[in-house]
Amino acid sequence: MIRKKNKNIETALSLDAKVYLHDIERADLLVGIPSYNNVLTASYVLSQVVKGLDKYFPKLRSVIFVSDGKSVDDTLTSVKKVGLPAKVKLIPAIYMGLSGKGTAVRAIFEAASYLKVKSVALVDSDLRSITPEWMKLLIAPTLAGTDFVAPYYNRRKYDGTITNFLCYPVTRSLFGKDIRQPIGGDFGLSIKLVENILDSRLWNEVPDISRFGIDIFETFTALANGYNVKQAFLGVKNHDAKDPSSQLASMFRQVMNTMFTCIEQSEAVWKQIQSVSCVDMVSDVSCGGTPEAITFSLPDTIQAFIGNYDQHTAIYRAVLDPEIQTKLDHLKQTINQGMQEVDFTSEDWAKIVYSFIAEFHRKPAYGRDKLIDALRVLWIGRVGLFLKKTWSLSRDECEGLIFKEAQVFEKLKPYLISKY
């Protein structure tokens, strides 16, 4: 029988998935691969997962669940053709419910609970750089007592812009753990944490968790509940990167709405945390390489900021301190003028983000979407300014600037608390 402690949550498992689970009965490990129209990469990801399980956990019973969102490009057909060793079983099945990555993950977690596994790993289906070693790095720590393993990648300097300027500094400063990729997507989880996530009432209250909000929801659930966390150095991450000026609007809304709601729910925890500590890293010498190049258009990014700024000025006046509004107005006028320095600092950006977090807390649910859309325009401006200032810098130099900005968020945490 499929476990369903929280009667308010409908199962995300399809009948086909339940049949597979009934036949398998029990397992030690489960690797979940959420997928949607990933026929070009899903079978490769699966083959690398299979090699990793066979190499590092040959004596354990493993299941791989490709949890699919009704792909129309033969994703499930492609993964069924991958050869499997005797102790590895495959569940290639669609999930049920609201369409989105989070529902795919929920189906994976429900399957893990049913099979009473010891450990769960999640890997994205658009990866082109996954290696068998990822399985060891994500799974072995959870078998040894760690509850949550977050990924740490070698990424191109302009990959992960929602992470770099929002999720990373906010996660680090609020929960006091220096987790560099809180929405990386490739995670290791103990079954105890999986059960905790499954039982959350927020599945019903925040639909965006069922979409792209799932990754930050997993990370914040682990941190807010004091679970043991580590990071795994996975080397290069090559995947289908997105342009922030034109392709990330829905993802931005879903991630921010989920993150801000989780901040609300865990207020009693993060307000008591006053320092930041490093998070232990597990690594493998074979995880290295150079990430693929990513193309960004500086003019398009700047224009996306300039062209959308004025429609949100009423929100900026209501939310932000007057001196920051003045700086933003000046930024809009000067960001497109050659490479001259613009008077806009990390302190300004941290105060903007914290002001929006506080306003989200005060705002009724029906007004929050417009608030997040207004923040998205400022985030595009922040990205554009970063591109402009770092165009000739190396990846490591850019990484150093992102870390320094995260330290500014930590220093200004009292500013958030005073506004909250």
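A residue counts as exposed when its relative accessible area is over 50% and as buried when that area is under 20%. With a relative accessible area of 55%, Lys 70 is therefore exposed in this model, which is a predicted one. The points below turn from exposed loop residues to buried ones, and then to two helices, the aromatic rings and the enclosed space.

**Loop residues with a positive phi**

- Lys 70, which is found in the loop between strand 2 and helix 3, has a positive phi of about 60° although it is not a glycine.
- Lys 116 is likewise not a glycine and has a positive phi, of about 55°, and its place is in the loop between helix 4 (101–115) and strand 4.
- Because its relative accessible area is 53%, Lys 116 counts as exposed.

**Two buried charged residues**

- Asp 124 belongs to the loop between strand 4 (119–122) and helix 5, and at 12% relative accessibility this residue counts as buried.
- Once residues up to four places away in sequence are left out, Asp 124 touches Ile 33, Val 45, Lys 101, Gly 184, Gly 185, Asp 186 and Lys 237.
- The C-alpha atom of Asp 124 is separated by 8.6 Å from that of Ala 42, although the two residues are 82 residues apart along the chain.
- Arg 172 is part of helix 6 and has a relative accessible area of 5%, so this residue is buried.
- Leaving aside neighbours within four places in sequence, the contacts of Arg 172 are with Lys 177, Asp 178, Val 276, Phe 403, Ala 406, Gln 407 and Glu 410.
- One of these contacts, Glu 410, is 238 residues from Arg 172 in sequence, while the distance in space is 7.4 Å from C-alpha to C-alpha.

**Helix 2 and its surroundings**

- Helix 2 (residues 42–56) has 15 residues, which should span 21 Å at 1.5 Å a residue, and this agrees with the 21 Å that separates its end C-alpha atoms.
- The buried residues in helix 2 are Ala 42, Val 45, Leu 46, Ser 47, Gln 48, Val 49, Val 50, Gly 52 and Leu 53.
- The cover over the buried residues of helix 2 includes three strands, namely strand 1 (29–35), strand 2 (62–68) and strand 3 (88–94), together with helix 3 (75–79) and helix 5 (133–143).

**Helix 12 and its surroundings**

- Helix 12 (residues 298–309) contains 12 residues and reaches 17 Å from its first C-alpha to its last, which is close to the 16 Å expected at 1.5 Å a residue.
- Within helix 12, the residues that are buried are Leu 298, Thr 301, Ile 302, Ala 304, Phe 305, Ile 306 and Tyr 309.
- These buried residues of helix 12 pack against helix 13 (313–319), helix 14 (322–334) and helix 16.

**Aromatic rings and the charges over them**

- When rings of Phe, Tyr and Trp are paired if their centres lie within 6.5 Å, the count comes to 15 aromatic pairs.
- One of these pairs, Tyr 158 with Phe 386, is edge-to-face, with 6.2 Å from centre to centre and 85° between the planes.
- Because Tyr 158 lies in the loop between strand 5 (148–154) and helix 6 (161–175), whereas Phe 386 lies in helix 16 (residues 368–390), the pair ties together parts that are 228 residues apart in sequence.
- Both Tyr 158 and Phe 386 are buried, and ring pairs link these two residues with Phe 165 and Trp 391 into a cluster.
- Arg 106 lies over the face of Trp 203, at 5.4 Å from the ring centre.
- In another arrangement of a charge and a ring, the charged end of Arg 180 sits over the ring of Tyr 168, at 4.7 Å from the centre of that ring.

**Enclosed space**

- The model holds 2 cavities of 30 Å³ or more, and the largest cavity has a volume of about 110 Å³.
- The lining of the largest cavity is made up of 13 residues, and those that lie nearest its centre are Arg 155, Arg 156, Arg 180, Arg 395 and Glu 399.
- Strand 5 and helix 17 (395–411) are the elements that give two or more residues to the lining of the largest cavity, and helix 17 gives the most, with 4 residues.
- Arg 180 thus appears in two settings, as one of the residues nearest the centre of the largest cavity and as the residue whose charged end sits over the ring of Tyr 168.

Terms used: Residues are numbered from 1 along each chain as its sequence is written. This is a predicted model: local features need pLDDT of at least 70, side-chain atom pairs count only at pLDDT 80 or more; totals for chains, interfaces and linings use all residues. Side-chain values use heavy atoms; hydrogens and water are left out. Rings of Phe, Tyr and Trp (its six-membered ring) pair if their centres lie within 6.5 Å; planes under 30 degrees apart count as stacked, over 60 as edge-to-face and the rest as tilted. Buried means under 20% relative accessible area, exposed over 50%, partly exposed in between (1.4 Å probe, protein chains only). A charge sits over a ring if NZ of Lys or CZ of Arg is within 6 Å of the ring centre and within 35 degrees of the ring normal. The expected span of a helix is 1.5 Å times one less than its number of residues. Contact means heavy atoms within 4.5 Å. On a 1 Å grid over the protein atoms alone, a cavity is a set of points where a 1.4 Å probe fits but cannot get out, and a pocket is an open set with protein on both sides within 12 Å along at least five of seven lines; lining residues have an atom within 4 Å of a point. Grid points are joined across faces, edges and corners, and a volume is the space filled by probe spheres set on the points.
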